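Please examine the sequence and the coordinates shown here. The report below concerns selected features of the fold and its empty space.

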Amino acid sequence: MIGYRQSAFNRIALGTLLALLPAVSGCSYMKAQTSEPFTLELVRSDHPAQVLRTDTPVLKEIRRITGITLNLVPIPLSSYSDKKRSLMTTGHMPDILLINPNEMTEFARTGIFLPVSDYLEQMPHFRSILKENPLMQRLYVDGKLYGFPVTAQHYIQNAKAPMIRTDILKKHQLEVPRTFDELYTVLQKLKELYPDSIPWTARGIGSFLNAVAFGLGSGAGMYFDPDLGGGRYLYGTNKPEFKEVLTYLNRLYREGLIDSDFDVNSQQRWSDNLGSGKSFFYYDNYTFALNFNEALKRDHPDYRLELIPYLANAKGSTRGFLYPKGWLSDIYAISSNVEDPLRAIKLFDWLYSPEGALASNFGIRGETYEIVDGEPRVSARLAETYKQTADPIRMMQSEVGAGLLAISPLVDERPVMELSSPDLLRWSEQLKRDPGAIVIDNLAPSFTKEERDRLTHIRSRLAPLEQELLKFIIGTRPLSEYEAYAEQLTGAGVPEMETIYNDALARVRP
């Protein structure tokens, strides 16, 4: 699920604007440019949590106001990375393609992307977004920006955090764990009480390893560590501290305290474990717990997954990372061969405007939302239709075509707040107050061509070695071999990779 933070827009001014929209939307500056129909093909990933539909109220409203038809081409998330790379390398770049910063840096120099920063004078709304989000400067490649990053307004804090069944703890008079060692003890006790259980479940190793490693005082792969010299990039997997991470997870695995299929679990299998009561803990996106609590309380009134404070590690340090505002790792790139570059550019500038953000996040006034006391509200029909479903937010947004997993570059999450449990805001505020929580700036700076080439070479050498990592956790490779393994990683080029990252960081730091 997506997170939230207070909007940069002035609420009074926005409320006034919304009240006037029926009068002004017909004379949008976008439509004033030309009334001729125009079609753009937009290719993006189709997330399993929110089905991407191709004829939604959002797309209809964009077409009505701007005259532009977005021909949306969804590609399953599981194959999206390979397919978009094929599009970029074979000369089949669509008009608009959702990419990430690494891909932008890699392919910008081939000339397939339109340098959108060349059009800043024609984009007043996007210029304002750039000023509000200085981190976007890291996305420039050789002094130019080649896409539109996804950012947010009305943003509630997002994070990976520890979530536990507090009702089960209360039932057995177990204390909420405050440290990783106490968590182990609690999970051990729960396994004794429920021998057929899987106390800790996960939806793939990538869903929790970076957060758990950070909490234990290390990091997985290349990560930003704020505790080192004012903050620097580090490759954690070959550092002595990472052995403690592997040791901890190996102990959980040996004793059946963590899902034996944690590395390959689908989201559905993970959900089934939590929803059936077979599992009691996860360390992942905390907002998923809202769905479990709401769905299961009907048949199990005491069921309660609750956010607990970040856990202290063996050194007595507490670390949990919070995500910064927005999703700058998602970028809409425009093809340099687009038929009408200016009209494509102006479409995105409008999508960053209050009017465009309203359309792309709420859809059609009177159909999918209403204005109540100057604020947009999800229509009663939609709210009633989806409130009893397993995932009301994403199912509603799938119908509307709204939000982060659709096409909005300025995500407004008030619809999510409106349909969510009050726990969402409470947990968000709890995370912000957690003394161990740190907002981690995890957006890597752009690299020169030479740096990119060296990183590609180093990563190609690291990749087969990193596949060995799982073996230490599941015990098919003894932890006594970790030091030799770490030396192999170092020899594959880790020190040079760290230097490249930190040199690039230094170029964009104030």
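The following paragraphs treat a sheet, a helix pair, a pocket and the cavities of this predicted model.

**Sheet and packed helix**

Three strands make up an open sheet, ordered β8-β5-β9, with antiparallel pairing. Its edges are formed by β8 (281-285) and β9 (305-307), each of which pairs on one side only. Averaged over neighbouring strands and with direction ignored, the turn of one strand against the next is 35°. Strand β5 (residues 160-165) is joined to β8 by five bridges, and the two run antiparallel. Within this pairing, A161 has D284 in β8 as its bridge partner. Helix α18 (residues 423-433) packs on the sheet, where α18 touches β5 and β9. The direction of α18 makes an angle of about 35° with that of β9.

**Helix pair**

How do the axes of α8 and α10 cross? Helix α8 (residues 180-193) and helix α10 (residues 240-254) have axes that come within 11 Å and cross at roughly 5°. Because angles under 35 degrees count as roughly parallel, α8 is roughly parallel to α10. On the α8 side the contact is made by F180, D181, L183, Y184 and L187, and on the α10 side by Y248, R251 and L252. By class, this contact of α8 with α10 has six nonpolar and two charged residues, with no polar ones.

**Pocket and cavities**

The second largest pocket has a volume of about 440 Å³. Its lining comprises 20 residues, of which Q267, S271, N291, A390 and D391 are the closest to the pocket centre. The elements that give two or more residues to this lining are α11 (267-275), α12 (288-296) and α16 (392-400).

As for enclosed space, the model has six cavities of 30 Å³ or more. The largest cavity holds about 60 Å³ of space. Its lining is formed by Q50, V51, L52, R53, T56, L59, L72, Q397, S398, G401, A406 and I407.

The table sets out the two linings by residue class.

| Lining | Nonpolar | Polar | Charged |
|---|---|---|---|
| Second largest pocket | nine residues | seven residues | four residues |
| Largest cavity | six residues | five residues | one residue |

Which residues of the cavity lining lie at positions 397 and 398? They are Q397 and S398, and both numbers fall within α16 (392-400), one of the elements that line the second largest pocket.

Key:
Residues are numbered from 1 along each chain as its sequence is written. This is a predicted model: local features need pLDDT of at least 70, side-chain atom pairs count only at pLDDT 80 or more; totals for chains, interfaces and linings use all residues. Side-chain values use heavy atoms; hydrogens and water are left out. Two strands pair if DSSP finds at least two bridges between them. Helices (H or I, at least four residues) and strands (E, at least two) are DSSP runs, numbered from the N terminus. Axes are lines fitted to C-alpha atoms, for helices over the stretch in contact, and angles run from 0 to 180 degrees between N-to-C directions. Contact means heavy atoms within 4.5 Å. On a 1 Å grid over the protein atoms alone, a cavity is a set of points where a 1.4 Å probe fits but cannot get out, and a pocket is an open set with protein on both sides within 12 Å along at least five of seven lines; lining residues have an atom within 4 Å of a point. Grid points are joined across faces, edges and corners, and a volume is the space filled by probe spheres set on the points. Ala, Val, Leu, Ile, Met, Phe, Trp, Tyr, Cys and Pro count as nonpolar, Asp, Glu, Lys and Arg as charged, and the others, Gly among them, as polar. Angles under 35 degrees count as roughly parallel, over 145 as roughly antiparallel, 65 to 115 as roughly perpendicular and the rest as oblique.
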